[in-house]
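Me: I have a chain to study and some questions about it. Let us look at the structure together and take it piece by piece.

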Amino acid sequence: MNTTRRTLIASAVALAAFASPLVHAQAAPKLKVGLMLPYTGTFAALGTAIENGFRLHVAEQGGKLGGREVEFFKVDDESDPSKATDNVNKLIKRDAVDVLIGSVHSGVAMGMAKVAKDTGTLLIVPNAGADAVTGPMCAPNIFRSSFSNWQPGYAMGEVMAKKGHKKVVTITWKYAAGDESVRGFKEAFQKAGGEVIKELNLPFPGVEFQALLTEIAAAKPDAVYTFFAGGGAVKFVKDYAGAGLKKSIPLYGAGFLTDGTLDAQGADADGLLTTLHYADSLATPRDSSFRLAYAKAYKLQPDVYAVQGYDAAQMLAVGLAAVKGDVGKKAEFAAAVEKAKIDSPRGAFTVSKAHNPVQDIYLRQVVGKENKTIGVASKALTDPARGCKM
């Protein structure tokens, strides 16, 4: 009897020891991640690439960040700023997400940033470059894993000035991203003595370029600077070449002009020069391993949008590790991300006090189906974060 009792007690102790870590592990609630991205319309492919990149890093961490299993909630933002507040509130109020990831369209991201600032919800922007997000709207709980619209534009302004172009026409959609990209370009180009003789634009997401191409031909500039992305970038590059302008007036752009679009642009994109914080031919061990893992997971080659999604997850992981998964510790989360060096496929970058990446901007040239690196246009370029008080 005693032996049996001793055996039962020993078994009970062993079971308790075995069970307690399980009980403890189950006590950590799931980390609710709200993905507010475009899944339809001109930017649909971009939204998918961002989500893929984000999920890849989470998968590499065993499905957990900061010791918490990740659960995803998704909303299609339709690249429509007028629906941004309602959409973000669905994620915050209905789904009670811990963190927001979005978006692509700058106008949508501005709406997200306002709600995030008002509610204190953690927001990581994996694409939209709206300068205000890390400018006047900056906040301890708002971060960006991509770029400011100013950065690629400013870098290309320096490049085109060095190439000896004096008189330039700019063309873009009339919305925050286009306006700010052109402003960044003009700041550097005019500082170097260049002149912008005409600024052309059309409403987003319009693609009726013919009248504007006729204006470019009549103005006879030394070169053209442009900002378009997604489906609009495909049509613009094809129409520019189709109008015969590619042979006579060199076309330059922020890198979104040729990122994720080369298959559709074909030979019309050959030789185009763009500036961006990523390129297809970096050939670093970190980038090569990322590209291999992404291709294995999704049967696709990654682009800049996939990298930005991946790095949004990396930044989230860094902050959560420092606060042991407690998203309520915003100051400690922010301090950890600000101190970190993010080991990105684009090359390691840091995060400014305004929470925008401080990063190299590459000069790339389209060769076949690749945006090949031909140099660094601007080293460790920091967005000026004008208007940020934090």
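Me: Where does S103 lie?
Reply: Start with the ground rules: this is a predicted model, where local features need pLDDT of at least 70, side-chain atom pairs count only at pLDDT 80 or more, and totals for chains, interfaces and linings use all residues. Residues are numbered from 1 along each chain as its sequence is written, and side-chain values use heavy atoms, with hydrogens and water left out. Helices (H or I, at least four residues) and strands (E, at least two) are DSSP runs, numbered from the N terminus. On that basis, S103 lies in the loop between β4 (99-101) and α4 (106-119).

Me: What kind of peptide bond joins G102 and S103?
Reply: Look at omega for G102 and S103. It is about 0°. The bond is cis.

Me: Which loop holds P205, which a cis peptide bond joins to F204?
Reply: Omega between F204 and P205 is about 0°. P205 sits past one strand and ahead of one helix, in the loop between β8 (195-202) and α7 (210-219).

Me: How many disulfides does the chain have?
Reply: A disulfide is a pair of cysteine sulfur atoms within 2.5 Å. The sulfur atoms of C138 and C388 are 2.1 Å apart. By this rule, the count is one.

Me: How many residues apart are C138 and C388?
Reply: C138 is in the loop between β5 (122-125) and β6 (142-144). C388 is in the segment after β14 (370-381). The pair links distant parts of the chain, and the separation is 250 residues.

Me: Is C138 buried or exposed?
Reply: Buried means under 20% relative accessible area, exposed over 50%, and partly exposed in between (1.4 Å probe, protein chains only). Its partner C388 has 23%, so C388 is partly exposed. C138 has 4%, so C138 is buried.

Me: At what angle do α11 and α12 pack?
Reply: Two packed helices are described by the angle between their axes and the distance between the axes. Axes are lines fitted to C-alpha atoms, for helices over the stretch in contact, and angles run from 0 to 180 degrees between N-to-C directions. Helix α11 covers residues 285-298 and helix α12 covers residues 304-322, with axes 12 Å apart. The angle is about 105°.

Me: Why is α2 roughly perpendicular to α11?
Reply: Angles under 35 degrees count as roughly parallel, over 145 as roughly antiparallel, 65 to 115 as roughly perpendicular and the rest as oblique. The axes of α2 and α11 are 11 Å apart. Their angle is about 105°, which makes the pair roughly perpendicular.

Me: Which residues of α11 meet α2?
Reply: Contact means heavy atoms within 4.5 Å. On the α2 side are A49, N52, G53, R55, L56 and E60. On the α11 side are F290, A293, Y294, A297 and Y298.

Me: How many residues of the contact of α2 with α11 are nonpolar?
Reply: Ala, Val, Leu, Ile, Met, Phe, Trp, Tyr, Cys and Pro count as nonpolar; Asp, Glu, Lys and Arg as charged; and the others, Gly among them, as polar. In this contact of α2 with α11, two are polar and two charged. The nonpolar count is seven.

Me: Which residues does E51 touch, not counting those up to four places away in sequence?
Reply: E51 is found in helix α2 (residues 44-60). Its relative accessible area is 7%, so E51 is buried. It touches L35, L37, Y39 and K74.

Me: Is Y175 buried or exposed?
Reply: Y175 lies in the loop between β7 (167-173) and α6. Beyond four places in sequence, Y175 touches F43, H105, F204 and F227. Its relative accessibility is 10%, so Y175 is buried.

Me: What is the phi of S79?
Reply: S79 lies in the loop between β3 (68-76) and α3 (84-94). With a relative accessible area of 10%, S79 is buried. S79 is not a glycine, yet its phi is positive, about 55°.

Me: How much of residues 31-367 is helix?
Reply: An unreviewed UniProt entry lists these residues as "domain: Leucine-binding protein". UniProt positions are given in the numbering used here, feature names are shortened, and annotations may be inferred rather than shown by experiment. Over this stretch, strand makes up 20% and helix 43%.
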